[in-house]
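Subject: The two-chain model

Hi,

Here is the structure I said I would pass on. Have a look through it, and then read my notes underneath.

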Amino acid sequence: MNVQVASDQNLLNCYLSGDRNAISQLIDRHSRRVRDYIRMMVKDDDVADDIFQETFIKAVRVIDEGRYTDNGRFLSWILRIAHNQVIDYFRAQKQNRQLNESEAGYDVLGTLRFAERTVEDEIVGEQIADDVRHMVELLPEEQRTVVMMRYYSGLSFKEIAEHTGVSINTALGRMRYALINLRKMIKEKNLTLS
Amino acid sequence: MKELDSENATGSISDDDDLLMREVICGEAELLYLDTYLREILQKR
């Protein structure tokens, strides 16, 4: 089989037919994008590696159990699993931090240090968020409208297209350009999002 | 997380999310990260 042109669906079918190699090839095909996303979210290579493994273990389990139906959305599905794993990680971190605060009652300096870091992090984080919100205001009107409708109002792309009187493709294109422009502005300001 | 686990389990992803991933994010991790970040900070307002 010519792996270079095999679609995700073909590789999945091969795997389900007994070709264990096919799943490795499928994972390799998408690993960079998945790993990059996880790494950006957690900002720790070791943690990112763990979450990356958990992501694909979970995915393979679903496939092995016959619960996955490929409809050309494999990468979207994998990224969604990775995203959920990252959210789980942050929730566990938050819970651990709350436990640590109560356990550190005897070490006043330690607790104070921890509390100060948290408050400072929050202040800096909020300042950066304010900067990014301001950048949204600087977007071209069409892009700004899509962003507002998507994030503030929680509208789907279909709804955004209907409200603005354009095709879904146009709405999607404006969203993409909005993100690209925001990314550019963020990099120009050397901001680190957290 | 039950809803998310169910989503993972069946391989389903909403049409809207699929459009986002395929036509907006196009596999670019930075844009996916930015989308997640914006969702967080803009919904907080």
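One definition before the rest: a helix here is a DSSP run of H or I at least four residues long, and helices are numbered from the N terminus. Also keep in mind that this is a predicted model.

Let me start with the small chain-B detail that needs that definition. Right after α2(B) comes Cys26(B), and its phi is positive, near 50°. For background, most residues other than glycine have a negative phi. Chain A has cases of its own, and I come back to those at the end.

**Chain B**

Chain B has three helices and zero strands, so going by the elements from the N terminus you read α-α-α. Of its 45 residues, 33% are buried.

Which residues of helix α2 (residues 15–25) of chain B are buried? They are Asp17(B), Leu19(B), Leu20(B), Met21(B), Val24(B) and Ile25(B).

The helix α3 (residues 29–43) of chain B has a buried set too: Ala29(B), Leu31(B), Leu32(B), Tyr33(B), Leu34(B), Asp35(B) and Leu38(B). I also looked at the length of α3(B). With 15 residues at 1.5 Å a residue, α3(B) should span 21 Å, and its end C-alpha atoms are 21 Å apart, so the two agree.

**Chain A**

Chain A is made of eight helices and zero strands, in the order α-α-α-α-α-α-α-α from the N terminus. Buried residues come to 22% of the 194 residues in chain A. Taking the contacts in chain A with a separation of 6 or more, 49% are between residues 24 or more positions apart.

Two helix pairs in chain A are worth a look. As a reminder, two packed helices are described by the angle between their axes and the distance between the axes.

The first pair is α6(A) with helix α7 (residues 157–164) of chain A: their axes come within 10 Å and cross at roughly 135°. That angle makes α6(A) oblique to α7(A). The crossing of α6(A) past α7(A) is right-handed. On the α6(A) side the contact uses Thr145(A), Val146(A), Met149(A) and Arg150(A), and on the α7(A) side Ile160(A), His163(A) and Thr164(A). By class, these contact residues of α6(A) and α7(A) are three nonpolar, three polar and one charged.

The second pair is α7(A) with α8(A), which pack at an angle of about 105° with their axes 8 Å apart. α7(A) and α8(A) are therefore roughly perpendicular to each other. Here Phe157(A), Lys158(A), Ile160(A), Ala161(A) and Thr164(A) of α7(A) meet Ile168(A), Ala171(A) and Leu172(A) of α8(A). The contact of α7(A) with α8(A) has six nonpolar residues, one polar and one charged.

**Where the chains meet**

How many residues does each chain bring to the contact? Chain A brings 33 residues and chain B brings 30 residues. On the side of chain A that touches chain B, α2 (20–42), α3 (45–64), α4 (74–103), α5 (108–138), α6 (141–152) and α8 (168–188) each supply at least two residues. The most comes from α4(A), with eight residues. Sorted by class, this side of chain A has 19 nonpolar residues, four polar and 10 charged.

One helix pair spans the two chains: the axes of α8(A) and α3(B) come within 10 Å and cross at roughly 90°. α8(A) and α3(B) are therefore roughly perpendicular to each other. From α8(A), Leu179(A), Leu182(A) and Arg183(A) meet Glu30(B), Leu31(B), Leu34(B) and Asp35(B) of α3(B). That contact of α8(A) with α3(B) divides into four nonpolar, no polar and three charged residues. Leu31(B), Leu34(B) and Asp35(B) also belong to the buried set of α3(B).

**Back to positive phi**

In chain A, Lys43(A) is not a glycine, yet its phi is positive, near 60°. Lys43(A) sits in the loop between α2 and α3 of chain A. Is Lys43(A) buried or exposed? Lys43(A) counts as exposed, because it has 11 C-beta neighbours inside 10 Å, and the cut-off for exposed is 12 or fewer.

Asn190(A), also not a glycine, has a positive phi of about 55°. Asn190(A) lies in the segment after α8 of chain A. With 6 other C-beta atoms within 10 Å, Asn190(A) is exposed.

Best wishes

Methods:
Residues are numbered from 1 along each chain as its sequence is written. Chains are lettered from A and ligands numbered from 1 in the order in which they are written. This is a predicted model: local features need pLDDT of at least 70, side-chain atom pairs count only at pLDDT 80 or more; totals for chains, interfaces and linings use all residues. Two residues are in contact if their C-beta atoms, placed from the backbone, lie within 7 Å. Ala, Val, Leu, Ile, Met, Phe, Trp, Tyr, Cys and Pro count as nonpolar, Asp, Glu, Lys and Arg as charged, and the others, Gly among them, as polar. Axes are lines fitted to C-alpha atoms, for helices over the stretch in contact, and angles run from 0 to 180 degrees between N-to-C directions. Angles under 35 degrees count as roughly parallel, over 145 as roughly antiparallel, 65 to 115 as roughly perpendicular and the rest as oblique. A crossing is left-handed if the near helix is turned anticlockwise from the far one by less than a right angle, and right-handed if clockwise. A residue is buried if 20 or more other C-beta atoms lie within 10 Å of its own, exposed if 12 or fewer, and partly exposed in between; C-beta atoms are placed from the backbone. The expected span of a helix is 1.5 Å times one less than its number of residues.
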